[in-house]
Amino acid sequence: MAKTTKVVYKRKFERRRSDQGTFAEVEMEPSSSQFSPTIHALVIDESDGGCSFICIHNKEVDVNQTIAIKVGKAKPVRGKVMWTREAHHRVYVVGVAYDG
């Protein structure tokens with residue numbers, strides 16, 4: 001008989017694919033209350049607690065880095081980079097958890 005294993009779902013919120021063509025504006029080093037995005041990104045998926053996106057960036061994106069992000073028409077929020085992967089030279093896939 002086949003052995004079964006229980007899959008533990010680690011996320012608090014269910015992920016859902018974003019609408020095709022959903023873009024985000026990202027400020028990689030927020031320093032003030034004024035939102036000044038430096039990167040435009042394509043959103044891959046999102047949830048109530050965060051999102052993942054793909055972007056082109058000249059510097060490596062660091063885990064635990066605080067960013068400000070505006071997804072689609074939503075208001076900008078702060079978040080923390082939870083994971084990152086360089087998909088190609090200067091092309092990063094990034095997972096973000098929103099603060100709060």
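## A walk through an all-strand chain, starting at His57

His57 touches Met28, Ile39, Arg90 and Tyr92, if residues up to four places away in sequence are not counted. The model in which these contacts appear is a predicted one, and the contacts offer a convenient way into it. His57 belongs to the loop between β4 and β5, and with a relative accessible area of 15% it is buried, because the cut-off for that class is under 20%. One of its partners, Tyr92, lies 35 residues away in sequence, while the C-alpha atoms of His57 and Tyr92 are 7.2 Å apart in space. Another partner, Arg90, sits in the loop between β6 and β7 and is partly exposed, with a relative accessible area of 35%.

From this loop one can step back to the chain as a whole. The chain has 0 helices and 7 strands, so that the order of elements from the N terminus reads β-β-β-β-β-β-β. Of its 100 residues, 34% count as buried, and the accessible surface comes to about 7,300 Å², with 51% of that area belonging to carbon and sulfur atoms. When contacts between residues at least 6 apart in sequence are considered, 49% of them join residues at least 24 apart; the pair of His57 and Tyr92, 35 residues apart in sequence and in contact, is one example of such a long-range link.

The interior comes next. In soluble globular proteins, nonpolar side chains tend to be buried together. Here the largest nonpolar core has 17 residues, and those with the most contacts inside it are Val26, Phe53, Ile67, Ile69 and Val94. The elements that contribute two or more residues to this core are β2 (23-27), β3 (39-47), β4 (50-56), β5 (66-71) and β7 (91-98). Phe53 shows how these parts of the chain come together: with its neighbours within four places in sequence left aside, it is in contact with Val26, Ala41, Leu42, Val43, Ile44, Ile67, Ile69, Tyr92, Val93, Val94 and Val96. Tyr92 therefore appears both in this list and among the partners of His57, which is itself a buried residue.

Two cysteines can be considered alongside the core. Cys51 is buried, with a relative accessible area of 0%, and Cys55 likewise counts as buried, at 3% relative accessibility. The structure holds 0 disulfides, so no pair of cysteine sulfur atoms comes within the 2.5 Å that would define one.

How are the strands around β5 arranged? On one side, β2 and β5 pair in the antiparallel sense over 4 bridges, and within this pairing the bridge partner of Ala24 is Val71 in β5. A further 4 bridges join β5 to strand β6 (residues 77-88), and these two strands also run antiparallel; here Ile67, one of the core residues with the most contacts, stands opposite Gly79 in β6. The hairpin formed by β5 and β6 has 5 residues between the strands, and in it Gly72 takes a positive phi near 60°.

Positive phi values recur elsewhere in the chain. Most residues other than glycine have a negative phi. Asn64 departs from that pattern with a phi near 75°; it lies in the loop between β4 and β5 and counts as exposed, at 51% relative accessibility. Arg90, already met as a contact of His57, has a positive phi as well, near 70°.

Charged side chains provide a last set of links. Side chains of opposite charge can pair when their charged atoms come close. A search of the whole structure finds 2 salt bridges. In one of them, the side chains of Glu25 and Lys70 meet at 4.0 Å, N to O; since Glu25 lies in strand β2 and Lys70 in strand β5, the pair ties together parts that are 45 residues apart in sequence, and it does so between two strands that also pair with each other. Glu25 is partly exposed, with a relative accessible area of 25%. In the other, the side chains of Glu29 and Lys59 meet at 2.8 Å, N to O, and this pair links the loop between β2 and β3, which holds Glu29, to the loop between β4 and β5, which holds Lys59, across 30 residues. Glu29 is exposed, at a relative accessible area of 55%, whereas Lys59 counts as partly exposed at 48%. The loop between β4 and β5 thus contains the exposed Asn64, the partly exposed Lys59 and the buried His57 from which this account began.

Key
Residues are numbered from 1 along each chain as its sequence is written. This is a predicted model: local features need pLDDT of at least 70, side-chain atom pairs count only at pLDDT 80 or more; totals for chains, interfaces and linings use all residues. Side-chain values use heavy atoms; hydrogens and water are left out. Buried means under 20% relative accessible area, exposed over 50%, partly exposed in between (1.4 Å probe, protein chains only). A nonpolar core is a set of buried Ala, Val, Leu, Ile, Met, Phe, Trp, Tyr and Cys residues joined through side-chain atoms within 4.5 Å. Contact means heavy atoms within 4.5 Å. Two strands pair if DSSP finds at least two bridges between them. Accessible areas come from the Shrake-Rupley method with a 1.4 Å probe; for residues, only the protein chains shown count as cover.
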